[in-house]
There are 2 protein chains.
Amino acid sequence: MPELRYNIISREWVVIATERAKRPKDFIRAKKEEKVLPEYKENCPFCPGNEKMTPAETFRLGDEKAWRVRSVYNLYGALSSQEKLERKNLGITISMSGFGNHEVIIEHPRHNTLIALMSDQEVQDIIRTYQQRYRVIQKISGIEAIIIFKNHGPGAGTSLEHPHSQLIATPIVPPQIRSRIERAIDYFDLTGKCIFCQTLQEELKAGVRIVLETDKFVSFLPYAGAAPFLMWIFPKRHSPSFSEINEEETRDLARNLKSTLQKLYYGLDNPDFNYTIRSIPVREKGTEYFHWYISIIPRLSQPAGFELGSGMFINTALPEEGAEFLRQVKGA
Amino acid sequence: MPELRYNIISREWVVIATERAKRPKDFIRAKKEEKVLPEYKENCPFCPGNEKMTPAETFRLGDEKAWRVRSVYNLYGALSSQEKLERKNLGITISMSGFGNHEVIIEHPRHNTLIALMSDQEVQDIIRTYQQRYRVIQKISGIEAIIIFKNHGPGAGTSLEHPHSQLIATPIVPPQIRSRIERAIDYFDLTGKCIFCQTLQEELKAGVRIVLETDKFVSFLPYAGAAPFLMWIFPKRHSPSFSEINEEETRDLARNLKSTLQKLYYGLDNPDFNYTIRSIPVREKGTEYFHWYISIIPRLSQPAGFELGSGMFINTALPEEGAEFLRQVKGA
């Protein structure tokens, strides 16, 4: 029986289309010729020795010649802090200058690795770099929100092979984020509870959608996930901003993120995916109602006219089955 | 200079990324081997003679043996009116039974045609079928919204070659539609005007984003379009529901839709695209603030982590340049 499920956090209705449902194994893409990547590529701007091919470095872990992680400005930045912040409002045409920030985080010197295959220490370095950039950029006057994200594979919007993430800082609170905050406030006003803490507590109790629980983090498939194998990683400690994670959490997040991505890598044969860190807008701190988290979105289905025309989603995989499948996937 | 633009109708902020901007011609996909489709395909359930391969017919234009357009239930319907409408609300898990409707509109007997290549009369038949299904289905008790849409090409979410559209009727007002209505009400309360009528009037005055004006309809690239060559077709007459178009409008819409799709077909070499008809929820009629329209979304770019994490979009094509390019494309 098909079923509509409501995602109380994202405010989305999702059709769980059991009539066209697929088994978890059906999502493994047709085996294409796997391209074997080299450890180093002469013309890759992110490979060691080619540091001059990137725009200015903003941060580095390790030595200049033996770095572990680097962040640099994006060569074709969508937004730039060199722009003056200006607004125009002329009737139906409301615009702003492209003020903001856009950086690339080069996750590893090696061209042919992946978070799923790195050591815990290496993943910690990436998370520390995310946090350092977040903390510095949130101080820039005029920045309202910071979105850290990763695109893995062409189906997720990148053609660059070298492992990297991105950070875009915007001069406005994106409406989608504003809408989720409003929803969280409604819930808090109604119940006195954080909607994320409550969801985590109920998910842990139900157990059926949990993928991995570590000391400080839990990864799970949300009840009304908009896409097959869509996962959330929630911190157990209530905290509105990613910038506030402590040392112990950094170590545990590295473990959880790596293991969760390993389950995708081994279970679904290295699918294309995006992840994004959802954090409170930078000027709003210490709230009781918002809770930062990570969304991982494997790109195994294509939103079509119905999704574009309604904002609803059709998910052809039952979250409970997806979670059970991923729980059983073993790492390297 | 990059610029942020606000779409007052969709409430989206869009980054017009001029730093990474492409010229209109750059969006023509790399010439792949064009598959030449046959007029008839023995195993295609939508081809004439194979009527028994589809689920039950719901409507037909023409004779049983010589039909022009047919609508049938979707073989793997996402929703079904055979389901009983039931709601469950158990804390964080809110769900409904899969009550609704899902039909396929087979646009033409010929396997290898497209709206861009049909006669005006044939396109009118499709629009008449849309309207007939809309009018019948909106009377079903429990149906709240009807989304008519088309997926053209694999990048737009379909692998079926035979020209077809779909209709999904939902037992709830999708949150995205509710949000646009709220926005339209705000604007109406503030100005006493329909936000769509006002936008159309200002777009016609500015002229720079108009693609095609016919007697009753105008197609244009919205000021803050979320994707390259995203177009809207607005009816000139204020009317909240697609179900209310009259005979003259049906004829003119066929002309406008066909010519607009022709411009995509010839100008950008038959790109994958979706379109969707945005209409007011079926129980809300005769309002002053909402105005139905069609969105056409060519699938020339891939939303990635930033889009998923913020609800904002990066558009690498300037709408004004896209409109100028399409205005100059001549039909067959």
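Two strands count as paired when DSSP finds at least two bridges between them. With that in hand, the big picture of this predicted model can start with chain A, where 10 strands line up in an open sheet with antiparallel pairing. Reading across, the order is β3-β4-β7-β9-β8-β13-β14-β12-β11-β10. The two ends of that row are β3 (57-62) and β10 (210-213) of chain A, each of which pairs on one side only. From one strand to its neighbour, the turn is 15 degrees on average, direction ignored.

One pairing in this sheet gives a feel for the details. Strand β11 (residues 217-220) of chain A runs antiparallel to strand β12 (residues 231-235) of chain A, and four bridges join them. Within that pair, V218(A) sits opposite F234(A) of β12(A). Two helices also come into play here. Helix α4 (residues 247-267) of chain A packs on the sheet, where it touches β10, β11, β12, β13 (273-278) and β14 of chain A. The direction of helix α4 makes about 20 degrees with that of β11(A). Helix α3 (residues 195-206) of chain A, on the other hand, runs at about 70 degrees to β11(A) and lies across β10, β11, β12 and β14 (293-298) of chain A.

Next comes a sheet that draws on both chains. Five strands make up this open sheet, in the order β15(A)-β2(A)-β1(A)-β6(B)-β5(B), and the pairing is mixed. At its edges stand β15 (313-315) of chain A and β5 (87-90) of chain B; each has a single partner strand, so one side of each is left without a neighbour in the sheet. Neighbouring strands here are turned by 25 degrees against each other on average, again with direction ignored. Inside chain A, strand β1 (residues 3-7) and strand β2 (residues 12-16) pair in the antiparallel sense over five bridges, and N7(A) faces E12(A) of β2(A).

Strands meet across the chain boundary elsewhere too: strand β6 (residues 93-97) of chain A and strand β1 (residues 3-7) of chain B are antiparallel partners, with four bridges between them. I94(A) stands opposite Y6(B) of β1(B).

What does the interface look like as a whole? On each side, 66 residues take part: 66 of chain A are in contact with 66 of chain B. The size of an interface is often given as the accessible area lost when the parts come together. Between chain A and chain B, the buried area is about 5,300 Å², and carbon and sulfur atoms give 66% of that. On the side of chain A that touches chain B, the residues split into 32 nonpolar, 22 polar and 12 charged. The rule finds zero salt bridges across this interface, but it does find 18 residue pairs in polar contact there.

Salt bridges do turn up when the whole structure is searched, with 42 over all chains. One of them links the side chains of K41(A) and E161(A), at 3.1 Å from N to O. K41(A) belongs to the loop between β2 and β3 of chain A, while E161(A) belongs to the loop between β8 (145-152) and β9 (164-170) of chain A, so the pair ties together parts that are 120 residues apart in sequence.

Note on methods
Residues numbered from 1 in each chain as written. Chains lettered and ligands numbered in written order. Predicted model: local features only at pLDDT ≥ 70, side-chain atom pairs only at ≥ 80, totals over all residues. Heavy atoms only, no water. Contact = heavy atoms within 4.5 Å. Buried area = accessible area lost by both parts, 1.4 Å probe. Salt bridge = Lys/Arg side-chain N within 4 Å of Asp/Glu carboxyl O. Polar contact = N/O pair within 3.5 Å; in protein donor to acceptor, adjacent residues only side chain to side chain. Nonpolar A, V, L, I, M, F, W, Y, C, P; charged D, E, K, R; others polar. Axes fitted to C-alpha atoms, helices over the stretch in contact; angles between N-to-C directions.
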